[in-house]
Amino acid sequence: EPAEVNADARAKVPAGDAVPEVLTQLRYADAGGRYEFVYPRDWRIVGRTADHLVLRLLDKGEFAAQATVTAWKPAAPGAHATPAEFQVLDDGAVPTDAGRFLYRVSAKGKQDGLGVVQTFYLLAGPGGDQVSVTVVARAEKAAKVGTRDLALVNAVEFPGKK
């Protein structure tokens with residue numbers, strides 16, 4: 001038995017609920033270098049095009065929500081799209097960090113006869129980079145989503161021009 005994996009070495013490895021979340025997170029970087037983020041494993045990438053990234057949130061193995069990340073048109077450094085550019089039903093700025101701007105619009109309604117909650121986020125970085133994230137969940141699953149959609153959006157970083 002190699003010393004690197006003997007019983008003493010294995011005993012030092014955290015297991016179950018003792019594993020810190022930071023050790024189980026995944027990283028995604030947009031192929032065009034427009035954005036990147038680190039996210040929890042309960043979000044699964046299920047689709048990707050040149051313009052969109054689609055993730056699904058699983059809660060104890062059950063589908064809870066779907067998020068679509070889209071690189072938005074760039075703005076001037078320090079600027080961002082304004083709410084006036086959208087037909088808004090209910091809206092508000094959301095606190096975020098590092099000189100960034102985050103705007104959220106949420107609505108409750110029906111899609112294909114099912115009750116849903118849909119939330120649209122626009123995140124802008126200090127350099128003018130922007131992404132939109134749209135999250136849709138069945139109304140009865142919205143409580144399970146909680147703030148996990150906001151955490152996913154806040155994890156997005158703009159790596160800068162190369």
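This passage describes the fold, strand pairing, salt bridges and selected buried residues of a predicted protein model.

The protein has three helices and nine strands. From the N terminus, the elements follow the order α-β-β-β-β-β-β-β-β-β-α-α. The C-alpha atoms fill a box of roughly 65 × 45 × 30 Å along the principal axes. The chain has 162 residues, and 28% of them count as buried. Among contacts with a separation of 6 or more, 44% join residues 24 or more positions apart. The exposed surface comes to about 9900 Å². Carbon and sulfur atoms supply 54% of that surface. The protein carries 20 positive and 20 negative charges. The mean positions of these two sets lie 3 Å apart.

Strand pairing was examined from the N-terminal side. Strand β1 covers residues 26-29, and strand β2 covers residues 36-39. The two strands pair in the antiparallel sense, over four bridges. Within this pairing, Arg 27 has Val 38 of β2 as its bridge partner. The two strands form a hairpin, with six residues between them. Gly 33 sits in the turn and has a positive phi of about 75°.

A salt bridge also involves this hairpin. Arg 27 forms a salt bridge with Glu 36, with the closest N and O atoms 3.1 Å apart. The two partners differ in exposure. Arg 27 is exposed, with a relative accessible area of 56%. Glu 36 is partly exposed, at 22% relative accessibility.

Strand β5, residues 62-72, pairs with two other strands. Strand β4, residues 52-59, runs antiparallel to β5, and eight bridges join them. Asp 59 stands opposite Glu 62 of β5. The hairpin of β4 and β5 has two residues between the strands. In this hairpin, Lys 60 takes a positive phi near 55°. Strand β5 is also joined to β9, by seven bridges. This second pairing is antiparallel too. Here Thr 70 stands opposite Ser 132 of β9.

Ala 65 lies in strand β5. This residue is buried, with a relative accessible area of 0%. Beyond its neighbours within four places in sequence, Ala 65 is in contact with Trp 43, Leu 55, Arg 56, Leu 57, Val 135, Val 136, Ala 137 and Val 145. Ala 65 and Lys 144 are 79 residues apart in sequence. In space, their C-alpha atoms are 9.0 Å apart.

The structure holds eight salt bridges. One of them joins the side chains of Glu 62 and Lys 141, at 2.5 Å from N to O. Glu 62 lies in strand β5, whereas Lys 141 lies in the loop between β9 (130-138) and α2 (142-145), so the pair ties together parts that are 79 residues apart in sequence. Glu 62 is partly exposed, at 47% relative accessibility. Lys 141 counts as buried, at 14%.

Another salt bridge links Arg 100 and Asp 97, whose side chains meet at 3.2 Å, N to O. Arg 100 is buried, with a relative accessible area of 11%. Asp 97 is partly exposed, at 44% relative accessibility. Salt bridges with shared partners also join Asp 42, Asp 59, Lys 144 and Arg 148 into one network. Asp 59 of this network is also the residue that stands opposite Glu 62 in the β4 and β5 pairing.

Asp 149 presents another case. This residue lies in helix α3, residues 148-154. Asp 149 is buried yet has no salt bridge. The nearest side chain of opposite charge belongs to Arg 104, 6.1 Å away. A salt bridge requires a side-chain nitrogen of Lys or Arg within 4 Å of a carboxyl oxygen of Asp or Glu. Not counting residues up to four places away in sequence, Asp 149 touches Trp 43, Thr 119, Tyr 121 and Val 135. Trp 43 and Val 135 also appear among the contacts of Ala 65.

How values were computed:
Residues numbered from 1 in each chain as written. Predicted model: local features only at pLDDT ≥ 70, side-chain atom pairs only at ≥ 80, totals over all residues. Heavy atoms only, no water. Buried < 20%, exposed > 50% of the residue type's maximum accessible area, 1.4 Å probe, protein only. Contact = heavy atoms within 4.5 Å. Areas by Shrake-Rupley, 256 points an atom, 1.4 Å probe, with all protein chains shown as cover. Lys, Arg positive; Asp, Glu negative; His and termini not counted. Charge placed at Lys NZ, Arg CZ, Asp CG, Glu CD. Pairing = 2+ DSSP bridges.
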